[in-house]
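Got the model open in your viewer? Let's walk through it one selection at a time.

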Amino acid sequence: MMVTSLMELTIDLAALRHNFLQLRQRLSPGVKLLAVVKADAYGHGLVPVARTLAGTGAEYLGVASLEEGLALRQEGIDLPIVLLLGIVPQESRAAVAADLEVILYRHDVAQALEEAGRALGKKARAHLKVDTGMGRLGVNPSEVLPFLDSLQNFANIEVLGLISHLAMADMVDKTYTHQQFQEFLTLLTAARDRGWELPLSHIANSAALIELPEGHFGMARPGIALYGSPPAPGRSWGVDLKPVMSLTTQVLQLKRLPPGRRISYGGTYTTTDWCDLAVLPVGYCNGYPRLLSNRGEVLVKGQRAPIRGRVCMNLIMVEVSHIEGMREGQPVTLLGEDGGDRLTGDDLAAWAETISYEIYCSLGTANPRSFVGV
Ligand SMILES: Cc1ncc(COP(=O)(O)O)c(C=O)c1O
């Protein structure tokens, strides 16, 4: 019995390595690179991506949760790993036992890490998170020195650095980002004046890695650029990035509709002429956004075919009247390159009123992946 998948989500690990090396080149000597592989490596596959980057020279990995950190340890990945969401107190023992480094912003977690470190006879490693303007996780700037003071007597916690996150580094106007850097630097200097070394302090995401070397500090934490998309679309970033994810399918049915026929739920598209329609086995259950209804395009034989009507749960319809020699089973590209044209994560994101990050997470987690360029 032959079981085939009508959707093929392909992850090109050679492109991932290429992007990593492009980014690596931008760092000053001594600055480490933490590859952000959280959220299943932005949908690209946590373990294969982490293994590939570890083999290409990444010094650190960043995951979201304890669960992701443990998954990497179980696969034998022994690089330093940072849990970017931090942990809750009950997770402290498992984190320390597995040598997972923790983003710290809660006093009860500090207490729990201290106890876990003592019980296990090893130091818990932490990065103190400060909110310099993201308005998300982290202590407020005024709380950094008191927090560090409160850790003075915790012999079983090693604070490796300060960490913060940038809110607007992808924008052309860097004023806000420079204010965040300034706040970060002021706190770092004040903490160092009090004797904290904080050798691994970090704030730079992909955008800051590429455009703002003054923000690299001890380590940079790129995510999206590793996966081949620029931090923001619509302008040149001066770095050669290759898309890592592609998605293809095939024509399930070809049919010809007369003028005046409606297509898909709600009848939102009516044919104006004879219309050759290809029905494709992809829908929103595959992470393909419903907002692409009557908006998105796919590539068939190197030509663009527009989506007609609403995206369904498992199916979409595209018009192929202008494409010669169509047949059932014809390969179709939903994301990626075909015949010199390319649909990028940013193209799909623009149609779906979102960002490439969300496209990759949605497609990647909803479809079986295959890996090439291993
Ligand atoms: C804490 C943290 N650091 C770094 C990154 C990487 O950001 P980017 O994907 O924009 O490079 C993220 C991503 O959201 C993040 O949450």
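Start with the shell around the ligand: its residues split into 5 nonpolar, 4 polar and 4 charged. Here Ala, Val, Leu, Ile, Met, Phe, Trp, Tyr, Cys and Pro count as nonpolar, Asp, Glu, Lys and Arg as charged, and the others, Gly among them, as polar. This is a predicted model, where local features need pLDDT of at least 70 and side-chain atom pairs pLDDT 80 or more, while totals for chains, interfaces and linings use all residues. Numbering runs from 1 along each chain as its sequence is written, and side-chain values use heavy atoms, without hydrogens and water.

Next, select the 13 residues that surround the ligand (a heavy atom within 4 Å of it). Tyr 42, Ser 206, Gly 223, Ile 224 and Tyr 357 are the closest.

Now zoom in on the polar contacts (N or O atom pairs within 3.5 Å). Ser 206 puts a polar side-chain atom 2.5 Å from a ligand oxygen, and Arg 136 does so at 3.1 Å from an oxygen. Click Arg 221 too: a polar atom of its side chain lies 2.9 Å from a ligand nitrogen. On its own the ligand has 390 Å² of accessible area, and the protein covers 92% of that (Shrake-Rupley method, 1.4 Å probe).

Last stop: salt bridges, meaning a Lys or Arg side-chain nitrogen within 4 Å of a carboxyl oxygen of Asp or Glu. The whole structure has 16. Pick Lys 122 and Asp 99, whose side chains pair at 3.1 Å, N to O. They sit 23 residues apart, Lys 122 in the loop between α6 (107-120) and β6 (124-129), Asp 99 in the loop between α5 (92-97) and β5 (100-104) (DSSP runs: helices H or I of at least four residues, strands E of at least two, numbered from the N terminus).

Technical notes:
Polar contact = N/O pair within 3.5 Å; in protein donor to acceptor, adjacent residues only side chain to side chain.
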